[in-house]
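Please open the model in your viewer and keep the sequence panel beside it, since each stop on this tour begins with a selection.

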Amino acid sequence: MKSITYALPYSGQEYTRATVRALMASGSVERVVLLTTDTQVQPLEGCETMTVDSLQSSKTVQSIASTARTPYIILQIHDTALEFGQFALERLLSVAQATGAGFVYSDYYDMKGGKRYPHPVNDYQTGSIRDDFDFGSVFLIDAGLLRSAAESTRASVHAFAGLYELRLWIARRQLPVRIGEFLYSKIERDIRKTGEKQFDYVDPKNRDVQHEMEEVATHHLQQVGAYLDPAFSIVNFDEHEFTYEASVIIPVRDRVKTIADAVQTVLQQKAPFSYNLIVVDNHSTDGTTDILRGFAAKNTNVVHVIPEREDLGIGGCWNEAVHHPACGRFAVQLDSDDLYKDETTLRRIVETFRREKCAMVVGTYQMVNFDLEEIPPGIIDHREWTPDNGRNNALRINGLGAPRAFYTPVVRALKVPNVSYGEDYAVGLAISREYQIGRIYDPVYLCRRWEGNSDADLDIVKLNAYNAYKDKIRTLEILARQRKNARAGGSARHSGVARRN
């Protein structure tokens, strides 16, 4: 029995014809629907053509659902050349039928220069609500679920977030299922390094996209009982005594090329309060230690710490710093690659703490090269972090901005995860569960991109590991927020939050 309708983008390219021929030869595909934004495109024999406004819109989801006559829909979301593996479509179908899964996707190969390179994807979990989750180019959806989702969201008019809304709607009923097999090959057209791709979502030209994605993500959190109203605990900055008002924290390992610049940018700060610098030197072997010893010998407010432990990641180094007796009231981040924009950065951060009575402050940074020349995407201001909804929207995005600064007693109580990626994100989410996070919306920090950056170009295995860890952080945070709302005795219901829909 032919159980699949296959819908794919079509712009008149020859590679689509090759894909269609393969689909026609399959024993599982009954219908092929070409999704096109060009009313003048030449139709293909044996296919149906559907004119859509975009692949991502609510209108497109509604249109596909309204014409679904087979038990399953396979949607291809990238207009690119695909080559299916042996019985690939049958494998997607059999897993869906055997398990009752409503959404199935798989690993795949990237084709580059005529060679196949494995591209595994991550398993979906409760916290996988970021809108850029990588499902690959092809996924199968139960047509009944698709129709129910379309009916439930029929009032939606999203131009960009229709597929995102569909995915979250399905995930509230059952999590998407990944097949850990390479079922197809695709031509990878975005050949930028991972370090260049990761800032796409903060590009100013994508503002309208981000507003839609935030609306959909917020609704999802409301439906699962993890939405938090804009009500915060107030911090009392005077309940603890500190020798220093602020401490700049630099964790470092083997950054002989950049550490002196980082230290100098701290020493150049001008502020009407006492501050120091705590550098946690994680057993450097390249000459970094000698540079830091030199600074500490000449400057009494430079604290050079070499931990006794040898199992510390960046988060563990932060714990060493914030629990150090010399740590000030506010702990302010500086990466060993980066610089403060000018001598007012530290003062402005502390002023924001005092003015907004918040437990964390996040600034705005500017992307520059090693010569301090601005590079794309330029200024990263994270304006999606709004006072009323920032801590909800933070579960959708992959970072909180820089520099990050913390009220020391709060971060001491929380403890920073002893990892070297996502540790600041985990702490920021946990803090935002209770406290307001203050913002500085103009650049106070220079993020230097160079070939030595740890995330300049990650291989797919490491990128997946990083993304899976952040998804796990989100999973834990969603569970914590659901528990917080439940303990509040129904306050979520009073704010219009439903437990499940």
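**Confidence before detail**

Begin by colouring the chain by pLDDT: this is a predicted model, the mean pLDDT of the protein chain is 92, and 93% of its residues reach 70 or more. Next select residues 194-201, where pLDDT stays under 50 and for which the model has 26 contacts beyond four places in sequence. Then select residues 491-501, another stretch over which pLDDT stays under 50, here with 25 contacts beyond four places in sequence.

**Helix 4 and its buried residues**

Move to helix 4, which spans residues 143-152, and show the side chains of its buried residues, namely Ala143, Leu145, Leu146, Ala149 and Ala150. If you turn the view to look down the axis of helix 4, these buried residues fall within an arc of 155 degrees, so they line one face of the helix. What do the buried residues of helix 4 pack against? Selecting helix 2 (58-66), strand 4 (72-76), strand 8 (138-142) and helix 5 (162-171) will display the elements against which they pack.

Before leaving this helix, select aspartate 142, which caps the N-terminal end of helix 4 by placing a side-chain oxygen 2.9 Å from the backbone nitrogen of glycine 144.

**Threonine 265 in helix 8**

Now select helix 8, residues 259-267, and within it pick out threonine 265. Is threonine 265 buried or exposed? With a relative accessible area of 7%, threonine 265 counts as buried. Leaving aside residues up to four places away in sequence, threonine 265 touches Leu334, Leu339 and Tyr340. For the last of these there is also a distance to display, because the side chain of threonine 265 reaches the backbone nitrogen of tyrosine 340 at 3.2 Å, within the 3.5 Å allowed for a polar contact.

**The cysteines**

Finish by selecting the cysteine sulfurs. A disulfide is a covalent bond between the sulfur atoms of two cysteines. With a cut-off of 2.5 Å between sulfur atoms, the count comes to 0 disulfides. Cysteine 358 is in no disulfide, and its nearest cysteine sulfur, that of cysteine 327, is 16 Å away. Cysteine 358 is also buried, at 0% relative accessibility.

Why is there no bond between cysteine 447 and cysteine 317? Cysteine 317 holds the cysteine sulfur closest to that of cysteine 447, yet the two are 19 Å apart, which is too far for a bond. Cysteine 447 is likewise buried, with a relative accessible area of 10%.

Methods:
Residues are numbered from 1 along each chain as its sequence is written. This is a predicted model: local features need pLDDT of at least 70, side-chain atom pairs count only at pLDDT 80 or more; totals for chains, interfaces and linings use all residues. Side-chain values use heavy atoms; hydrogens and water are left out. Buried means under 20% relative accessible area, exposed over 50%, partly exposed in between (1.4 Å probe, protein chains only). Helices (H or I, at least four residues) and strands (E, at least two) are DSSP runs, numbered from the N terminus. A polar contact is a pair of N or O atoms within 3.5 Å; within protein, one must be able to donate a hydrogen and the other to accept it, and residues adjacent in sequence count only if both atoms are side-chain atoms. Contact means heavy atoms within 4.5 Å. The arc is that of the directions from the helix axis to the C-beta atoms. pLDDT is the predictor's confidence in each residue, from 0 to 100.
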